[in-house]
Amino acid sequence: MKVPVSWLKDYIKEPFEINDLVCRLTMAGTEVASVIDMAQSWEGVCVGQVSQVNPHPNADRLRLVTVDSGLEKHEVVCGADNVAAGQKIAFAEVGARLIDGYTGDITTLKQAKIRGVVSCGMVCSEKELGLSDEHEGILVLPADAPLGMPLKEYMGETVLDLDVTPNRPDILSVTGVAREVAALLRTSAMVPEPDFKGEGSSILDEVTVEIKAPDLCPRYSASLIKGVTIGESPDWLKKRLLNAGVRPISNVVDATNYVMLEYGQPLHAFDFDKIAGAKIIVNRARDGSKFTTLDEVERELTGEMLMICDAGTQIAIAGVMGGFNSEISQNTTSVLLESASFNPASIHYTGSRLGLSSAASQRFERGLSPFLTLPALKKATSLILEVAGGVACRGLIDEAPGLKPHPGIEVDISRVNALLGTEYSRDTITRALELIECEIGPGGHSGQLKVVPPYWRSDINLEADVIEEVARIEGYENIPMTMLSKSIPQQTPDPMLGFKRKLLESMTGLGFQEILNWSMTNKTALGRALNQAQLEVEPLHLKKPMTTEQECLRTSLRPGLLASLASNRRFEEGAMKLFEAGAVYLPAQEGLPQEPWMLAGILCSSQVKEHWDEEPEQADFFTAKGMVEALLDLLGVKPFFEPGSDNGFKSGNQAEVIVDGERVGIIGEVHNRVARAFDIDEPVFMFEINATRLMPLTVRDKKFKPIPRYPSVVRDIAIVVDASITNRQVLDVIAEFPLVVKTGIFDVYTGKHIPEGKKSMAYRLTFQSDKKTLTDEAVDRVLNQVLRRLEDRLGAVLRR
Amino acid sequence: MNEQINELKKEALDSLASVANRAELDAWRVRYLGKKSRLQAILKSLSSLPVEQRKTIGAETNRLKNELENLLKEKEAAFEEASSRAQSSRDALDVTLPGRPSTLGRLHPVTRVLQELQEIFASMGFEVVEGPEVEWDYYNFEALNIPKEHPARDSMQTFWVDAPSGDDDREMLLRTHTSPMQIRVMEKQEPPLRIIVPGRVFRYEATDATHIPMFHQVEGLAVDKGITMADLKGTLYEFSRRFFGPERRVRFRCDFFPFVEPGVEMAVECAVCKGKGCRLCGQSGWIEILGAGMVHPRVLEAGGIDPQVYSGFAFGMGIERIPLLRYSIDDIRLFYSSDLRFLRQF
């Protein structure tokens, strides 16, 4: 909302400082986005008079204009058609600061030779002065503009550009802003009660109005003016509209726009002669019907949209935009002026469905008071009479099926202070509310007030709203600061939170860089990265994606990680370890999707020798597995690993991570096909852990085990077994002997001295008892039992 | 005899002074302290001397022997020291060579800011809770006093999810803020409540240097008997003091959010211009940090809490803005570019 300060001063007699006002408005909830000095580019521009217009000797479309600037005469070249001798115009001398009509930048005017004639200055258009985008003709000033006066002095203006919050329709009007400003300055705004003089026939004999949808139209007021002459508005009116950022069109339309800016109530002027049957019907649209708005665009309507109709057809989309068929034209002589109240949700629905947001709809959808229709209608009627002539019919149409007086709000003095943490007296509270023009009466009991807000403050309905007003007017800065004094509520922290934190810390400890990818992805990326089973999960799609790249929600972290690795590889030669932790979205049969929290890491080797004393370490399956083992060990989890069959990974180079019988993750070398799809041409290893599933399986209360008191004895063995025997099988057998407290494999060998189809596995067994020191004989006895059992179960032969 | 000893001493000392290396020192040792040395000869000849002389000459000779032996040890030690010094200067490490790499990974700057915020609020008794990122219209809007067709919805452009509606014609969406958890927590727990909710949120916005369709927020909610706006100001001021530092001034102004009344916006003094006004803060001197307010009575009711008995405050802040301002990052998209050249800077 652009508010010219001079307009504001019509209602506020107290002097004020702009900077102080900006601060007060901002603190009280209406942020002043900027203070625009309309004259900032008017240095060197003054009121001039055209004394002569001659043709340009070398160009048909240009003229030579002699301008009197009061002190001297200047000859300038002008391209505008509307320049004429005798006009008062805005004259820019050489050296003036102006807005370039083509680029919009501020430039300094230089003397120039145009088609062979020297031009000493310029006659300005509205655009060059920053008044509007109009660049076709020059700005013609009123005849009484004083010759030679700097334009800044004559029509300079300071404009406040306000960011209006959705709850304050009143701030979308100059009188509303004036009332707000007055309250903040602790004075009062002088807003006159408008009226007009009706003559001749009564409007009730001329027009009928019928509201068929009272739920969407609580009030419809109208006046009728006959014998108007459509033409240009007077300068003062044009100037105000321009300064408020509204383009002047014609006197009648300008008058309705002016009153909308002044009171916040949108008005619509119909050409009365185009209204069939002199009848207005307010009703829902015919579903699917077509309607051409005054911007000459045909729009399709739904049965939920509210329309203004005459006896035969639809003539306006209520509160949003008028119709082409009833528009004011140059030939209009009778004007039916509408000032109505519409349901805000209905207007918002219609505006957003049609993609139409107008100055009117923005006001209606914020919820205007039905009590606003009459003052605005009276003011607009009298203004049209003033600027377009004609005669207004006596009286007004005023159908008000939904008009209810405000019942008033009971406000407890103690609750005001209880909510704000203040100690405001009844007087302070009353005075604050009176400043915003509330009517204050006695409440139900002595500690209460009955507050009736002024009609233009349709946002004040609850006690809390009144309390905010008190806080605003007294100033948020005057509310004290205290710390929460009550005891801290009992807490039952979600164990998942600590778990996530532990995972994040461990991953960085393992050297992984955290990345965050979008939750949105696309089916192509998912298709490239996922395995068969994952692809069968149809991801959740967005109804209207921003881009096809982000059409659905990720069901896996894999595509993001692979793409991240590939994009970093373009400039990163070294080894990379990246991880992401976050939700994936798995559609459920019914209701909201499941959002398991996943952890996924990706790693690859260095492409180059990175260190002066070390060869680059080549990552492989066991690098990745070692990291997962370290992670799980820290979490107190004993995982099992089984060969996996995920076709996103190379077959034979992948393992499922199993904890307590549950599959919680997978580790493996990314399949060549997948890697290639992401333009990765090197071995890449990835692991994925379902943290939501893993968390309940972790040991949260670890128990202390006494430090062993007796020495341990170590024995190494090497056994030869079938190549198909796994480490796990050997370990399972050895684990049956409680005196073996630790078993580690330190070599796996095939080749010379080992028969075809066999392999040698070398283990280091640690024997220890918690009751005594073991003798060599005792250890040997157990070791022999171990070897015998390995032979029985797995056909293992001791290698000598 | 005495003269002989003195002569020997002088000769030995002079000779020692010119010894330049181990080999010469060895030769010197053999010559003056060896079995065939003159000193030994003197000692052997002692027995042939009269008792009187034997005593004094013997003592004198032994003193000389000890002296020479000590000098020998000193000289040996000096040679040892010199040679080891030479040795180590040959073998000295180039300590400016880089160590063998042991890389620690880093957390994403957004994760770290979230952790920092959680710590601050946890120390003030706020419990961390998390909620679903895919939500119902009801929790994201309706229950928060933002009915259908409310203009406030226009400022929170929404990604709607293509999924069947739930009960009561509830539509599915990507949450536009972390505020839905206010309602979910109130539904489940009785007051007193003191929670914060970190998480991802989504807005239907075209991506550019200052806009991204997904970002993070932290929501806060405190509900109890007698919670005041003064508590809101105090709590958030304390947060700012710890997070931004005690030297940054804090401003609370009126603002509108449908789920609070009175509504509050908190700003901190611009760190660049110290409140004087600059390009970063749009000449205002203040950087908006969060929206807050006293929980709207309709929101308390929607959560099943009686607004006549309880009151509360809520706040919500965007996270990406904080590292953006702290590190003067000029493009918000970098956070989600997974570019290591960016991420390794933090």
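Two strands count as paired here if DSSP finds at least two bridges between them. Everything below is a close-up of a predicted model.

**Figure 1. Strands β18 and β21 of chain A, side by side.** With 4 bridges between them, β18 (residues 279-284) and β21 (residues 306-309) of chain A clear that bar, and they run antiparallel. For a spot to zoom in on, try Arg284(A), which sits opposite Leu306(A) in β21(A). The pair belongs to an open sheet of 5 strands in chain A, ordered β15-β18-β21-β22-β23, with mixed pairing. At the edges are β15 (208-211) and β23 (321-322) of chain A; each has a single partner strand, so one side of each has no neighbour in the sheet.

**Figure 2. The open sheet of chain B, with a helix from chain A packed on it.** Here 7 strands line up as β1-β5-β6-β10-β9-β8-β7 in chain B, again with mixed pairing. The edges go to β1 (127-128) and β7 (250-254) of chain B, each of which pairs on one side only. Strands β7(B) and β8(B) are antiparallel partners over 5 bridges. Within that pairing, Arg253(B) has Glu265(B) of β8(B) as its bridge partner. Now look across to the other chain: α12(A) packs on this sheet and touches β7 and β8 of chain B, its direction making about 35 degrees with that of β8(B).

**Figure 3. Where chain A meets chain B.** On this contact, 76 residues of chain A touch 69 residues of chain B. Which helix gives the most to chain A's side? That would be α12 (residues 463-474) of chain A, with 6 residues. Sorted by class, chain A's side has 39 nonpolar, 21 polar and 16 charged residues.

**Figure 4. A strand pairing across the two chains, and the lysine next to it in sequence.** Strand β32 (residues 541-542) of chain A is joined to β3(B) by 2 bridges, and the two run antiparallel. Leu542(A) stands opposite Val161(B) in β3(B). Then comes Lys543(A), in the loop between β32 and β33 (552-553) of chain A. Leaving out residues up to four places away in sequence, Lys543(A) touches Trp160(B), Val161(B) and Asp162(B). Is Lys543(A) buried, partly exposed or exposed? It has 13 other C-beta atoms within 10 Å, so Lys543(A) is partly exposed. As for distance within its own chain, the C-alpha atoms of Lys543(A) and Arg569(A) are 34 Å apart, with the two positions 26 residues apart along the chain.

**Figure 5. Helix α7 of chain B and the cis proline after it.** The buried residues of α7(B) are Pro180(B), Met181(B), Gln182(B), Ile183(B) and Met186(B). They pack against quite a list of chain B elements: β2 (134-136), α6, β5, β6 (214-224), α9 (297-302) and β10 (311-318). Follow the chain on to Pro192(B), in the loop between α7 (180-188) and β5 (193-202) of chain B. The peptide bond leading into it from Pro191(B) is cis, with omega near 0 degrees.

**Figure 6. More backbone oddities in chain B.** Another cis peptide bond runs from Glu261(B) to Pro262(B), with omega near -5 degrees; this time the proline is in a strand, β8 (residues 260-269) of chain B. Asn145(B) is not a glycine, yet its phi is positive, at about 65 degrees. You'll find Asn145(B) in the loop between α6 (137-140) and β3 (161-162) of chain B. It counts as buried because it has 20 C-beta neighbours inside 10 Å. Lys274(B) also has a positive phi, near 55 degrees, and lies in the loop between β8 and β9 (286-295) of chain B. With 13 other C-beta atoms within 10 Å, Lys274(B) is partly exposed.

**Figure 7. Inside the largest nonpolar core.** This core has 277 residues, and those touching the most other members are Ala90(A), Val123(A), Cys124(A), Ala318(A), Val335(A), Ile384(A) and Ala292(B). Zoom in on Ile384(A): beyond its neighbours within four places in sequence, it contacts Ile225(A), Val228(A), Val252(A), Ala255(A) and Val335(A). Apart from this core lies another, of 13 residues, including Val730(A), Tyr763(A), Phe767(A) and Leu790(A).

Conventions: Residues numbered from 1 in each chain as written. Chains lettered and ligands numbered in written order. Predicted model: local features only at pLDDT ≥ 70, side-chain atom pairs only at ≥ 80, totals over all residues. Buried ≥ 20, exposed ≤ 12 C-beta atoms within 10 Å, placed from the backbone. Core = buried A, V, L, I, M, F, W, Y, C linked by C-beta atoms within 7 Å. Contact = placed C-beta atoms within 7 Å. Nonpolar A, V, L, I, M, F, W, Y, C, P; charged D, E, K, R; others polar. Axes fitted to C-alpha atoms, helices over the stretch in contact; angles between N-to-C directions.
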